[in-house]
Amino acid sequence: MPTTTAFTFRTPLLSSPWGKDFRYNGEKGCRSSPNAPDKKNNNNEPLVRCSFIFFAVLAVVFSVTGVMTLCGVGPGARAPVTAVRRRIAIIGAGASGVSAAYHLAKIGPRGTYRDSLEITVFEKSPIVGGRCLAIDVPQASNSGSSVLKVELGSPGYNSELDPLISSLVQVVGLQAQVVPGGRWAKVEADYDLGIYNGRNFLFRQPHNPSGLWYWWTSLIYFLRYGWAHKDLECITKKLAPMWDNFAQALSFPSSWSQNSDSLLESPELRSAITSAANSFLESKNIKHPFTTEQVQSRTRARYGANLGVLSGMQALRVMDEARNEKVANVNIQGGMAQLFTRMLLRRITTRNTKINLKLGTMVAGIRKNRTDEGETPGWTVAHFPVSGGDNTEPELTMEEFDDVVVAAPWQFTGMNIQPEYKLPTVSWEKVHVTVFTSPNMLAPGAFGLGKDDHRGMPQRVLSTLADSERDSLNGKSGEEGVGESGWWSIERVGTVPRLSSVPLGSESCGDPVSPSCMDSLQSIRTENVFRILSPSAIANETILKYLGTSEHNDSLTWIHRQFWEHAFQTPLPSDQNEEYPPIKVDDGLWYTGSMEGVWGGVEAAISMGKRAAGEISHNWYGKMPLRGTVMRGTQW
């Protein structure tokens with residue numbers, strides 16, 4: 001018979017049908033009544049019965065003891081948890097600044113449950129979004145149609161090549177749609193795109209041809225360019241994933257990312273990054289006229305630069321965007337700036353996290369905190385409100401922060417930064433954006449077509465260099481390299497209902513003219529909305545020439561001009577050993593523009609803001625909290 005270890009104890013607080021004396025049976029592992037018979041062995045041993053009430057009391061006792069320990073009461077209690085409050089300043093509410101604030105708030109404090117995070121975003125302009133700015137085109141108030149917004153900065157995004165923007169649009173609940181209106185809609189014209197050299201059209205792309213018209217246009221395309229388009233597509237598919245990995249490696253600290261040099265083992269990728277686009281494409285047997293007409297016209301509209309200025313990789317990326325633009329180019333309802341406004345509103349107050357948005361506030365300088373004994377953690381930010389036009393001296397405010405994120409081009413911030421840091425500069429191009437309305441369409445005669453050939457006039461026109469200009473201007477950008485056309489692109493972006501103008505001297509309304517009479521005579525008509533991108537301002541006379549008229553009042557009914565001093569980052573050819581601006585400039589000082597010299601655009605800015613947020617959290621807590629698709633085929 002096996003040996004049984006037993007001992008007796010009393011439970012005065014428990015009542016039981018067997019009384020208050022219980023014995024623990026070591027073999028059975030539960031309490032037994034001393035008077036109960038042993039049914040199993042049939043030798044009058046106590047019947048083993050488990051009392052769940054006893055275990056319930058033990059659970060209550062341990063629970064109360066645990067709560068007392070957490071609260072710092074009783075023996076063995078832990079020391080009270082010290083709350084940590086971190087403050088971060090973000091300078092700039094553009095794409096990268098808003099992205100950094102959004103993802104920092106999404107990460108939140110990763111320490112104890114009492115920690116908190118306060119993010120302050122400084123922006124000198126009164127709006128969020130930076131260069132992502134859209135305007136409302138004036139229209140008749142009684143038309144009943146929705147307001148048309150025209151982008152003055154970013155024209156939209158590509159749903160296939162910009163996965164980060166696509167995911168954020170869905171998260172914040174915005175509506176996106178394929179580029180509508182004048183660009184892709186079938187209007188009274190046979191052609192959608194035209195390549196113009198300042199004198200005549202070199203190439204015209206029809207609206208979604210089908211049937212025999214498709215095969216005829218394909219034959220014309222092949223006879224002019226051969227297999228250049230397919231060769232370029234094959235090279236892009238091969239190098240694009242390598243480029244994505246290389247761009248990612250440049251942005252991360254060497255301690256936890258791949259070395260960028262190892263990613264340049266491919267001779268083709270090395271050549272694409274370090275060579276000018278015209279030289280790289282020619283080495284791949286992709287030559288004029290395809291490079292001049294199809295590639296250069298798009299790089300001019302995208303970067304304001306000719307092929308001799310850009311790197312070969314950027315030319316490939318531009319053509320990758322153009323390859324699927326008809327199905328993947330989308331606009332955000334209300335403009336791209338709506339995305340960044342929604343991102344801030346969604347994260348303005350979350351768990352233990354708060355975002356302070358200070359619009360109309362200029363940052364004068366940032367200074368690393370120091371004492372007589374040496375440096376202390378943190379930075380001091382000096383800022384003041386932008387003057388509203390009065391001559392009063394603005395009041396300078398000093399605030400201390402644990403970390404500072406510079407989310408504006410370093411070379412143009414104008415801040416007094418102490419200590420002084422010398423970061424590599426980035427080439428930027430200026431752009432003039434001209435938006436106007438007219439009842440007229442673009443005049444075919446002004447572009448070298450027949451005067452009445454309205455069906456042959458494309459709805460979107462991209463300019464390139466004429467043959468006589470290629471050798472002298474191919475290596476230039478901006479105003480120096482624009483060529484005879486004087487602009488980079490002209491396109492019809494939509495239509496709006498507007499009131500037709502009535503001569504003020506109309507006899508039917510008397511003299512002086514009765515406003516109510518004028519309103520009654522005005523009728524609603526549909527007018528076209530056009531947008532021109534150029535390195536210099538476009539005169540009204542030039543616009544009227546392209547509209548085929550000299551009458552200003554009835555042909556050019558509304559015009560808006562926007563000038564961007566630093567609109568396009570120009571990704572130049574660069575050696576793989578070239579020094580790029582780091583994300584981490586100093587302890588607690590971060591910069592989101594480290595990739596501006598090699599990778600530009602809204603997707604890049606949002607990605608860099610997200611990475612800066614991840615870097616800060618990694619610096620605090622020793623791990624990378626954010627993971628997700630940033631670029632095609634890569635994760636971080």
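1. Helix axes here are lines fitted to C-alpha atoms over the stretch in contact, and the angles between N-to-C directions run from 0 to 180 degrees. The model under review is a predicted one. With that convention, the axes of H4 and H8 come within 10 Å and cross at roughly 115 degrees. Angles of 65 to 115 degrees count as roughly perpendicular, and H4 and H8 are therefore roughly perpendicular to each other.

2. Which residues make the contact between these helices? H4 contributes Tyr 221, Arg 224 and Tyr 225, while H8 contributes Phe 290, Glu 293 and Gln 294. By class, the residues of this H4–H8 contact are three nonpolar, one polar and two charged.

3. The sheet beside these helices should be described next. It is an open sheet of seven strands with mixed pairing, and the strand order is E11-E10-E21-E22-E23-E20-E24. Its edges are strand E11 (201-206) and strand E24 (558-569), each of which pairs on one side only. On average, neighbouring strands of the sheet are turned by 20 degrees against each other, direction ignored.

4. At the E11 end, strand E10 (residues 191-196) pairs with E11 in the antiparallel sense, over five bridges. Within this pair, Gly 194 stands opposite Arg 204 of E11. Helix H4 (residues 212-225) packs on the sheet and touches both E10 and E11. The direction of H4 makes about 150 degrees with that of E11.

5. Helix H8 (residues 290-303) also packs on the sheet. The strands it touches are E10, E11, E20 (428-438), E21 (460-463), E22 (489-499), E23 (524-534) and E24. Relative to E21, the direction of H8 makes about 95 degrees.

6. Internal space is a separate matter. How many cavities of 30 Å³ or more does a search of the whole structure find? The search finds three. The second largest cavity has a volume of about 60 Å³.

7. What lines the second largest cavity? The lining residues are His 229, Leu 232, Glu 233, Thr 236, Met 319, Asp 320 and Arg 323. Helix H5 (228-250) and helix H9 (312-323) each supply at least two of the lining residues. H5 gives the largest share, four residues. By class, the lining of this cavity divides into two nonpolar, two polar and three charged residues.

Notes. Residues numbered from 1 in each chain as written. Predicted model: local features only at pLDDT ≥ 70, side-chain atom pairs only at ≥ 80, totals over all residues. Heavy atoms only, no water. Pairing = 2+ DSSP bridges. Contact = heavy atoms within 4.5 Å. Parallel < 35°, antiparallel > 145°, perpendicular 65-115°, else oblique. Nonpolar A, V, L, I, M, F, W, Y, C, P; charged D, E, K, R; others polar. 1 Å grid on protein atoms, 1.4 Å probe; cavity = no way out; pocket = protein on both sides within 12 Å on 5 of 7 lines; lining within 4 Å. Points joined across faces, edges and corners; volume = space filled by probe spheres on them.
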